[in-house]
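Biologist: Please take a close look at the aromatic rings in this structure, and place them within the chain as a whole. A plain account for a first-year student would be best.

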Amino acid sequence: MRPRLALPAAALPASLAAAALIAVPSLASAAPIHNRGLTIAAAPNPATTGEPVLVYGHLNGPANSHRRITLWHKIPGVTFGYRVVQRTTTDAAGNWAIQRRPGVVTTNRSWFVTAGSGVHSRTAFERVAPTVTLAEPTSPADTRTPVTLTGSVAPNHTGQAVELQQQTGADGNTWKTIDRGRLRQGSTFSIAHRFRQPGDLTLRILFRADRRSTRGESTPVTLTVQQQQSDSLTIASSASAVDFGQSVTINGTVAGAAAGTPVTLFARDEWQPGQLTAIGTATTDASGAYAFTQSPPRNTVYEVRTTTAPKRHSARLFVGVRSVVTLVPSTSSAKVGDSITLSGTTTPGKPGHAILLQQVGSDGIWRTIAAGRVGADASYSFADVLDAPGTERLRAVLPGGPVNERAISSEATVDVAAAPPAALPGSALPSAS
C-alpha cells in the first residue's frame with residue numbers, strides 16, 4: 001500500500017482520485033519508462049527497507065507473448081556492475097510482473113529489464129528509506145536524571161550519526177535537534193540525555209540520507225519530564241497522560257499536616273506562559289493526604305499550595321492529554337490496483353496539524369507511509385492505490401506538541417487480493433515513438 005495524498009475530508013472534490021495521481025508519484029502515477037517497446041515501473045517507489053516491491057511493465061510489438069523478461073539491478077557502493085536478479089515471462093498480451101519478496105529490497109538501487117538480445121528498458125531508480133526505531137522511554141522521568149533513549153536503524157549503518165529531535169511547533173511538524181549519537185555495532189544507538197526543563201515532550205530519531213538509503217525518521221514517542229519533588233508537600237497523578245475527556249486524580253501529602261488543613265490546586269495550560277491560577281480547594285485527611293479530580297482539555301501544569309502557615313508549595317506536575325483519533329477505510333476488501341480512501345477525525349479539532357498514516361510490516365514495526373494535515377473541520381483523508389496483496393494493517397498517528405500529546409488511532413485492516421499483470425495501472429501503455 002502506498003498512500004499518495006492527504007487532504008481534509010471536507011475538501012475532497014469528486015475528482016480526488018485524478019488529482020491524487022498528479023500530486024504524489026505512486027503505483028498509478030509511476031508511468032513505465034519506454035525504450036524500444038519495453039517498459040518498466042516499480043511500486044512502491046520510494047519504498048521502506050525490506051518492503052515487498054513489484055516491478056512490472058509491458059513488451060510491445062509482434063510476438064510479445066510468453067517472452068522471457070530478465071531483471072537486472074545495481075546497488076550503490078557495490079564494485080561490480082548490473083547483475084541478473086530474477087526472470088519471468090510475459091503473458092499473452094505482453095504484460096509482465098516480478099515480485100521482489102519482503103526483506104530483499106533493503107537499500108537504494110537501479111533496475112532495468114531485457115527481453116532477448118538488444119531489447120531493454122530504460123533504467124528505473126528505486127529509493128529506499130531505512131527503518132528507524134525508537135523505544136518508548138520510561139515515563140514519567142524527572143529533571144534530576146538523564147533519560148537513556150535506545151533504538152536501531154535498518155539496514156546496518158554502523159558508525160553513522162543519528163539525531164535526537166524534539167517537536168517544537170504547535171502543528172506537529174516542526175522539529176529541533178537536541179542531541180546526537182552514533183550507531184554502534186549492530187546499527188543500534190543509545191543516547192543519554194538530561195532534560196533540564198520539565199514538560200510533556202514529543203521525541204524522534206532522524207537518520208540523514210546517504211547513497212545507500214534515503215532520509216528516515218522514527219515514529220514519534222512521548223516523554224513526560226517532572227520536576228524534582230518537595231518532601232514537605234508532594235504531588236502526583238493517577239496517570240501521566242489521559243485521553244481527551246477523561247479525568248485524572250491529582251494527589252499527594254502535606255508532611256506533618258493535621259486533618260482539615262486547607263490546600264489549593266493551581267493550574268495553567270502547559271503551552272501558555274504566565275502565572276498559575278487557583279482552580280480548586282480541598283482539605284487533608286488525618287495522614288496529611290489530599291486529592292483533586294480533574295478533566296484537563298490540554299496538556300496542563302498543576303501545583304498545590306497550603307493556604308495557612310507554614311505556607312508550602314509542591315513541585316509542578318505535568319499531565320498530558322491525548323487527542324482522540326479515528327481511522328476508517330472506504331472498504332475492508334479490495335484488489336491490487338484499486339483506489340481506496342482512509343479518513344478520520346481528531347477530537348478536539350486540530351486544523352493544520354500534521355497527521356501520519358502508518359503501516360505495520362511483517363516484522364511488527366510500524367512505518368510511516370504518508371503524511372498530511374488535519375482540515376478546518378477536524379477531518380483528514382488519505383487517497384491510496386493498493387499495490388500489494390495481503391492484509392494491510394494501518395493506523396493514524398497525530399504527533400504531539402505543547403498543546404496535546406501524541407495520539408494513535410485504533411488499527412484498521414484492508415484485505416487486498418492479487419491482480420493479474422494486465423490489471424496493473426499503466427501496464428499496457430503504447431511504446432514510445
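Modeller: The answer begins with the chain as a whole, turns to the aromatic rings, and ends with some other sites.

The model is predicted. Its chain has 433 residues, and 48% of them count as buried. The secondary structure consists of one helix and 38 strands. Among contacts with a separation of 6 or more, 65% are between residues 24 or more positions apart. The chain exposes about 18600 Å², and 52% of that area comes from carbon and sulfur atoms.

Now to the rings. A search of the whole structure finds four aromatic pairs. One of them joins Tyr82 and Phe112, with 4.9 Å from centre to centre and 55° between the planes, and the pair counts as tilted. Tyr82 sits in the loop between strand 6 and strand 7 (83-89), while Phe112 belongs to strand 9 (residues 109-114). The two residues are 30 residues apart, and their pair links distant parts of the chain. Is Tyr82 buried or partly exposed? Tyr82 has a relative accessibility of 32%, so it counts as partly exposed. Phe112 has a relative accessible area of 17%, and because buried means under 20%, Phe112 is buried. A further pair is made by Tyr380 and Phe382, whose ring centres are 5.9 Å apart. The planes of Tyr380 and Phe382 meet at 70°, so this pair is edge-to-face. Tyr380 counts as buried, at 0% relative accessibility. Phe382 is buried too, with a relative accessible area of 0%.

The pair of Tyr82 and Phe112 belongs to a wider group. Ring pairs link Trp72, Tyr82 and Phe112 into a cluster. Another ring, that of Phe266, has a charged residue over it: Arg305 lies over the face of Phe266, 3.8 Å from the ring centre.

Next comes a residue in a loop. Leu59 is placed between strand 5 (53-58) and strand 6 (68-74). Leu59 has 4% relative accessibility, so it counts as buried. Not counting residues up to four places away in sequence, Leu59 touches Gly37, Leu38, Asn64, Arg67, Thr90, Gly94, Trp96, Ala115 and Val119. Leu59 and Ser121 are 62 residues apart along the chain, and their C-alpha atoms are separated by 9.4 Å.

Pro262 gives another case, this time in a strand. Pro262 is found in strand 24 (residues 262-269). Its relative accessible area is 28%, so Pro262 is partly exposed. Leaving aside neighbours within four places in sequence, Pro262 is in contact with Ala282, Thr283, Thr306, Thr307 and Thr308. From Pro262 to Thr284 the C-alpha distance is 6.6 Å, with their positions 22 residues apart in sequence.

Last, there is a sheet to describe. Three strands, in the order 21-23-26, form an open sheet with antiparallel pairing. Strand 21 (236-237) and strand 26 (289-294) stand at the edges. Each of these edge strands has a single partner strand, so one side of each is left without a neighbour in the sheet. Strand 21 pairs with strand 23 (residues 248-253) over two bridges, in the antiparallel sense. Ser237 has Ile250 of strand 23 as its bridge partner.

Definitions and conventions:
Residues numbered from 1 in each chain as written. Predicted model: local features only at pLDDT ≥ 70, side-chain atom pairs only at ≥ 80, totals over all residues. Heavy atoms only, no water. Helix = DSSP H or I, 4+ residues; strand = E, 2+ residues; numbered from the N terminus. Buried < 20%, exposed > 50% of the residue type's maximum accessible area, 1.4 Å probe, protein only. Contact = heavy atoms within 4.5 Å. Areas by Shrake-Rupley, 256 points an atom, 1.4 Å probe, with all protein chains shown as cover. Phe/Tyr/Trp six-rings, centres within 6.5 Å; stacked < 30°, edge-to-face > 60°. Lys NZ or Arg CZ within 6 Å of the ring centre and 35° of its normal. Pairing = 2+ DSSP bridges.
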